[in-house]
Structures are given as structure tokens and as C-alpha cells.
Amino acid sequence: MQTLFAISVFFALMAIVFVWSTFRNLKRGRVMKAGGSAAGGVTTASVGGAGMAFVASIWGYAQLTDEAPVASIKFRATAPDTYIARLMIEGEPDRIFDLKGDEWQIDARVVTWQPPATILGLDPIYQLDRLSGRYSNIDSERSESRTVHSLSDPGTLDVWQVARRFPVLMPGVDAYYGTATYVPMADGAQYAVSLSRDALIARPENDAARVALGQWSGPGE
């Protein structure tokens, strides 16, 4: 991202130089040269502005290299099939959510780069997107209330949304969902969540989570 930011700043500075040159040529009566400088200023300002907007659109994302730790999540039972989930992300305040069901899942927005975007030297980036609960029993899943919480607050310009809706406008940008398999909730259970280039991974961090996984029969069973 530093490379793209530096390129954007360079074009912005070039736009300033062209604007200065335009006014200088106008003062000297060089109308043709002033027009050329003005055209150069518009072009460089457009490129620089687009670059800055692109940098701003990915600012809320974190870089992804190999497998990266994302968060920890701990559950406390408050009633049958009802839990309070504490989502802990390093450097951010803990977030508290109510979840219904006996399993949980976390999703992330992931952006990777293919040619020609790879010339920008960008690492894959991600942003947590949603946390949801569900029932392993199919009848309960159909009849009981479900809970889904948003974890992202994208701005008006978001690289993931633009790449998904208008792929032709962003060649070389691959935007997709990274999703952890549904994992059992249990009172006191805590899991570590990490993200690879393919998927989110939830691993038990304490005995309560390990016991829950050991007793887990799997989705729908």
C-alpha cells in the first residue's frame, strides 16, 4: 500500500506543478502552452485522486501474509441455546454480542491481487464482516430465531464491494468471503481465530472449547 500511496502523492504533486505552469504561461501570454499544462494538470490530478481514493478504500482492511491471527472469541451461556460472545481483537475494544443457537461462525471479506494489480506490490487484505449463530438441529434451525451481527462498517467507497459488483472496472482484484466452519458454542469456551489465504480457522484455546469440540457431532447431527 505504501507503493500505491507514494505513486498517488507523486501524481498529486505533478498536478500542482502543472497548475503552477498553467498560471505562469497565462501571465506570459502563452495560451497554447497554458492549455497543455492545464490538460496535464487535469490528467495527473485525476490519476492522483483515483489513487488516493483507492488507498482510502482499503485503509480499514488489515494485511494478510500467510496465516494471520485475527481474534479470540469467548462464550458465556445465559440460557439454553443462548450465549454472550466476547470478540477480542488486538488493539481494539472488546465487542459483546448475543448469539442464539449452539454453533457459531465468523466471516471475513478478503481481497487478493492478480495481474495486472500485482504490479502495485500489495499484500492480500481482509476485514471481519459478520458473526452468526445457528442450531445444529435442523428443526430448530427452521423454527427458532437466528442471530447475525455485522462486524464491518465500510465507507461509501469500499474496494471489496466495488470489485464484487463491478469486476470489469477492477481487473486483477479478487474479492471473496473467507468463512470459518460452524463451531460449537459452550459455556466458558474460548477459541482463537486465524485467517489463511483460503479460509478462517477456529482453534480451541481452553479446556472448555476442547471438550465442546470433542463432544461435537457435527452440523445437522
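Here are some notes on this predicted model, for someone looking at it for the first time.

1. Start with how far to trust it. The average pLDDT over the chain is 75, and 59% of the residues score at least 70. Residues 1-11 are a stretch to treat with care, as pLDDT stays under 50 there. For that stretch the model has 18 contacts beyond four places in sequence.

2. Next, the general layout. The chain has 221 residues, and 40% of them count as buried. Its secondary structure comes to five helices and 11 strands. Taking the contacts with a separation of 6 or more, 61% are between residues 24 or more positions apart. As for the outside, the accessible surface is about 12,300 Å², with 57% of that belonging to carbon and sulfur atoms.

3. Now look inside. The largest nonpolar core is made of 29 residues. Which of them have the most contacts inside it? They are Ile73, Phe75, Trp104, Ile106, Leu131 and Tyr191. Several elements each supply at least two residues of this core: strand 2 (68-79), strand 3 (82-88), strand 4 (95-100), strand 5 (103-113), strand 6 (125-134), strand 10 (190-195) and helix 5 (207-215). There is also a second, separate core of seven residues, and Ile125, Val159, Ala163 and Val173 are among them.

4. On to the charged pairs. The count comes to six salt bridges, and the one between Arg134 and Glu103 is worth finding in the viewer. The closest N and O atoms of Arg134 and Glu103 are 2.8 Å apart. Arg134 lies in strand 6 and Glu103 in strand 5, so this pair ties together parts that are 31 residues apart in sequence. Is Glu103 buried or exposed? Glu103 is buried, with a relative accessible area of 1%.

5. Arg130 and Asp129 form another salt bridge, with their closest N and O atoms 3.2 Å apart. The two partners sit in different settings: Asp129 counts as buried at 5% relative accessibility, whereas Arg130 counts as partly exposed at 34%.

6. A further salt bridge joins Arg146 and Glu141, where the closest N and O atoms are 3.0 Å apart. Here Arg146 is partly exposed, with a relative accessible area of 40%, and Glu141 is partly exposed too, at 22%. Going back to the pair in the previous point, salt bridges that share partners join Arg109, Asp129 and Arg130 into one network.

7. Last, a polar residue to click on: Gln105. You'll find Gln105 in strand 5. Its relative accessible area is 13%, so Gln105 falls under the 20% limit and counts as buried. What does Gln105 touch, not counting residues up to four places away in sequence? The list is Arg130, Leu131, Ser132, Thr179, Ala180, Thr181 and Tyr182. Two of these names have come up already: Leu131 is one of the residues with the most contacts inside the largest nonpolar core, and Arg130 is part of the salt-bridge network with Arg109 and Asp129. Closer along the chain, a polar contact of 3.2 Å joins the side chains of Gln105 and Asp107.

How values were computed: Residues numbered from 1 in each chain as written. Predicted model: local features only at pLDDT ≥ 70, side-chain atom pairs only at ≥ 80, totals over all residues. Heavy atoms only, no water. Core = buried A, V, L, I, M, F, W, Y, C linked by side-chain atoms within 4.5 Å. Buried < 20%, exposed > 50% of the residue type's maximum accessible area, 1.4 Å probe, protein only. Helix = DSSP H or I, 4+ residues; strand = E, 2+ residues; numbered from the N terminus. Salt bridge = Lys/Arg side-chain N within 4 Å of Asp/Glu carboxyl O. Contact = heavy atoms within 4.5 Å. Areas by Shrake-Rupley, 256 points an atom, 1.4 Å probe, with all protein chains shown as cover. Polar contact = N/O pair within 3.5 Å; in protein donor to acceptor, adjacent residues only side chain to side chain. pLDDT = per-residue confidence, 0-100.
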